[in-house]
Structure formats: structure tokens, C-alpha cells
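Reader: I'm new to looking at protein models. Could you take me through this one, a few questions at a time?

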Amino acid sequence: MSSDEIELSERISTVPSEDMFAAPNLPTFGQDQLEYDRSEAPLSERDGVEVRQAKIKPHETTTAVKQVYQKQTVGPQARKRIVTEAQQIMAIDRHPHVVTILDWSRQPWPWYAMEFLDGGSLAERGNTMDVAHRLWTAYVLADAVSHAHNRGTGHYDITPVNIRF
């Protein structure tokens, strides 16, 4: 092993324990307590589902809300997908590198609120990260995927755009 390899391995921190989370621990809230500007474009929009940045009014906490698209009629597949995703993420159990669901519901239309990760995506940051940060990211991604798989949940859309910081 070269001295560069030893130095690099010493610079890569381990995955934090599962009791360390960035997500706030909030009491349940309803969709009526989420506030966002409908005139602003969603953060993402695909197949009848949109993600919007919102504030939880009583807590002034910023969140990302995934819901069926409100400007058009969507089929039962989009509604079912939101419910299934929320249930699967909740089943993963809290993990420091899996987004945390803050609340969700099937009514009046399926939605879930998750912690808002505003540090950009791997697609945006990947080419600017040093080797140690890239290795750390690969390590914690593998740990998170393994954690989900051990709880019976698979992620079928792991892309650099979907890996958020």
C-alpha cells in the first residue's frame, strides 16, 4: 500500500450511526398545513407526479412534497405509486443516508412530505468532488441501498440526479 492510499483511507469518515439524522422530528401534520406557491414551477415533474418545495406552516420547516400533479387528471397508477413509495420509504426505517418521510396521506390525493435536501445532486456535484468525497459518497450510497434491501425494499431509479446532498 502506498502512502497516498493510507492517507486517503484515513480521510474517509465512516457512516454515521443510525441515531444521527438531519430530518426534524415533527408531530404529524396535514396537507392543509403545507404552504407553497402554485405559480412556481415544481422541482421535478414526471408521469403525473410532481415534487415541490413547501413550508410546514406551524413549524416553519422546509420540506419537499411529492404528490400527484394538480393541473391534469392522472390515472390510478400515479396515485398508487405515491402511496407505494411512501410506504416503502417508511418501511426502510430511519437511516442517515435515506431521505426521511415527515408525513403522508392518501387523502385528499396521495402525497408525502420528506426532508428537503438542498445541497444539490450527484449529477450537479460529481465532477467537482475530490476522490475522498467520491469514495465516501459511494460507500454511504452502498450502505443505504444495502439497508433498504435488508428491509425488503429496492430502488429502481438510482441515478446521479436522484442522489441528493
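Reader: How do the residues lining the largest pocket divide into nonpolar, polar and charged?

Author: Sure, and keep in mind that this is a predicted model. The pocket itself has a volume of about 1,900 Å³, and 48 residues line it. Sorted by type, the lining comes out as 28 nonpolar, 11 polar and nine charged.

Reader: Which residues are closest to the centre of that pocket?

Author: Start from the full lining of the largest pocket, which has 48 residues. Of those, the ones closest to the centre are Val99, His155, Asn162, Ile163 and Arg164.

Reader: Which element gives the most residues to the lining?

Author: There are several candidates, since β2 (44-46), β3 (49-56), β4 (61-68), α2 (76-92), β6 (111-115) and α4 (131-150) each supply at least two residues. The top contributor gives seven residues, and that is α4.

Reader: Can we zoom out for a second? In what order do the helices and strands run along the chain?

Author: The protein chain has four helices and six strands. Read them off from the N terminus and you get α-β-β-β-β-α-β-β-α-α.

Reader: What share of the contacts with a separation of 6 or more joins residues 24 or more positions apart?

Author: Here a contact means heavy atoms within 4.5 Å. Take the contacts in the protein chain with a separation of 6 or more, then pick out the pairs that are 24 or more positions apart. Those pairs account for 58%.

Reader: Which element gives the most residues to the largest nonpolar core?

Author: The largest nonpolar core has 11 residues, including Val49, Ala64, Ile82, Ile101 and Met114. The elements giving two or more residues to this core are β3, β4, α2 and β6. With four residues, the one that gives the most is α2.

Reader: And how many residues are in the second, separate core?

Author: Among the members of that second core are Phe29, Ala54, Leu102 and Ala113. Ala113 is also in contact with Ile101, and Ile101 is a member of the largest core. The second core's total is nine residues.

Reader: Is Thr63 buried or exposed?

Author: Thr63 lies in strand β4. Buried means under 20% relative accessible area. Thr63 has 0% relative accessibility, so it counts as buried.

Reader: Which residue's backbone oxygen does the side chain of Thr63 reach?

Author: Leaving out residues up to four places away in sequence, Thr63 touches a whole list of residues, among them Leu34, Arg52, Ala54, Leu102, Met114 and Phe116. The backbone oxygen in question is 2.5 Å from the Thr63 side chain, and it belongs to Met114.

Reader: What is the phi of Asp47, and is its sign usual or unusual?

Author: Asp47 is found in the loop between β2 and β3. Most residues other than glycine have a negative phi. Asp47 is not a glycine, yet its phi is positive, at about 50 degrees.

Reader: Which residue in the loop between β3 and β4 has a positive phi too?

Author: Look for a residue other than glycine with phi near 55 degrees. It is exposed, with a relative accessible area of 55%, and Asp47 is exposed with 55% as well. The residue found in the loop between β3 and β4 is Glu60.

Reader: Last one: what percentage of the chain's residues is buried?

Author: Being buried takes a relative accessible area under 20%. Out of the 165 residues in the protein chain, the buried ones make up 33%.

Conventions: Residues numbered from 1 in each chain as written. Predicted model: local features only at pLDDT ≥ 70, side-chain atom pairs only at ≥ 80, totals over all residues. Heavy atoms only, no water. 1 Å grid on protein atoms, 1.4 Å probe; cavity = no way out; pocket = protein on both sides within 12 Å on 5 of 7 lines; lining within 4 Å. Points joined across faces, edges and corners; volume = space filled by probe spheres on them. Nonpolar A, V, L, I, M, F, W, Y, C, P; charged D, E, K, R; others polar. Buried < 20%, exposed > 50% of the residue type's maximum accessible area, 1.4 Å probe, protein only. Polar contact = N/O pair within 3.5 Å; in protein donor to acceptor, adjacent residues only side chain to side chain. Core = buried A, V, L, I, M, F, W, Y, C linked by side-chain atoms within 4.5 Å.
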